[in-house]
Amino acid sequence: NLKNYNIIREIGRGGSGIVYLARNEENEFVALKVLKSEKLSDKEKDAIATYVKFLKKTKNTNIVPINKIYDTGELFYYEMPIADGVSEANYSSPEWKPKTLEYIINERLKTKSWFSVEEILNIFLPIVSAASEIWKQKLIHRDIKPSNILFINGRACLGDIGLLKVDSDEQNVSGTSGYVPPEWYKESKGNQDLWGLAATFYRFITGNSVECMGRAAFMYPKNLCGKMSPVQIGIWDYFHKCINRATSENKLDRYLN
């Protein structure tokens, strides 16, 4: 047990730490991220300090907040609200898992249907808004991907800000393969988060691996192969135009917001 918390079990693991399901002093279920190494802790400490300042300036409700931070000298950990579960199982059940965009995409791939336009926009536009809010404060998230989009009280929220930094010309690219831009994009001073949003959107609308982005054979969900109406195809084609603009080789074509 960490000070002030009863650790129940691990519910997530990444490059910088482990996320646990825990109960706090008020006996509420929370997510608790504990950092692994001193070197990584220092990076995330800086990110957290920057993030806390940012949270005080924003009213955006689609960004995962931080409730409490602890630094014992030996351990650095912080508390966040717990995400919704993927099923009706309660938090104390071993069957409970956090609901992420990656999870709902993988579940939909097992069916013969796909997300409607309304579902896509209702989930994704708030994430675009959250990223835009971060950029307005001259910050960059650096790890936008489907597994970092969590659902909290039914609302899609951008989470995992361990790589957050002040945006600059000399930004080092970090994050997850496929969701970080290639070298040519970086060299043209492209916004890493814009690439991450585009790749996440591609994964969301097609269900295909982000490595297939930009290929004509992988523009539509496999589940709907041969079943899409002309109207649906037109909408998906427009979605791809948005993705292509965000990831354009010509930096003047890319979105500024």
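Two strands are said to pair if DSSP finds at least two bridges between them, where helices (H or I, at least four residues) and strands (E, at least two) are DSSP runs numbered from the N terminus. The exercises below concern a predicted model, in which local features need pLDDT of at least 70 and side-chain atom pairs count only at pLDDT 80 or more, while totals for chains, interfaces and linings use all residues. Residues are numbered from 1 along each chain as its sequence is written, and side-chain values use heavy atoms, with hydrogens and water left out.

**Exercise 1. Strand β3 and its partners**

Find the strands that pair with β3, and name a residue that stands opposite Val34.

*Solution.* Begin with strand β2 (residues 17-23), which pairs with β3 in the antiparallel sense over seven bridges. Within this pairing, Ile18 is the residue that stands opposite Val34 of β3. The two strands form a hairpin with five residues between them, and Asn27 in the turn has a positive phi of about 65°.

Next, turn to β5, with which strand β3 (residues 29-35) pairs in the antiparallel sense over five bridges. Here Val30 has Pro81 in β5 as its bridge partner.

**Exercise 2. Cover around β3 and β5**

Decide how many residues of β3 and of β5 are buried, taking buried to mean under 20% relative accessible area, exposed over 50% and partly exposed in between, with a 1.4 Å probe and protein chains only.

*Solution.* In β3, seven of its seven residues are buried, and the strand is mostly covered. Phe29, Ala31, Lys33 and Leu35 point one way from the strand, whereas Val30, Leu32 and Val34 point the other way, and all are buried. For strand β5 (residues 76-81), five of the six residues are buried, so this strand is largely enclosed by the rest of the structure.

The other side of the question is how β5 is joined to β4. Strand β4 (residues 68-71) pairs with β5 in the antiparallel sense over four bridges, and the bridge partner of Lys68 in β5 is Glu79. Four residues lie between the strands of this hairpin, where Gly73 takes a positive phi near 100°.

**Exercise 3. Two buried side chains**

Locate Trp96 and Arg203, and list what each of them touches, where contact means heavy atoms within 4.5 Å.

*Solution.* Trp96 is found in the loop between β5 and α2 (101-108), and it counts as buried because its relative accessibility is 4%. Not counting residues up to four places away in sequence, Trp96 touches several residues, including Arg9, Ile11, Ile82 and Tyr91. Trp96 and Ile144, by contrast, are 48 residues apart in sequence and 24 Å apart in space, C-alpha to C-alpha.

Arg203 has its place in helix α5 (residues 192-206), and with 8% relative accessibility Arg203 also counts as buried. Leaving aside neighbours within four places in sequence, the contacts of Arg203 include Glu102, Trp114, Tyr179 and Val210.

**Exercise 4. The chain as a whole**

Describe the make-up of the chain and its extent in space.

*Solution.* The chain holds six helices and nine strands, and buried residues make up 46% of its 257 residues. Along its principal axes, the C-alpha trace spans about 55 × 45 × 30 Å. Lastly, among contacts between residues at least 6 apart in sequence, 55% join residues at least 24 apart.

Definitions and conventions:
Contact means heavy atoms within 4.5 Å.
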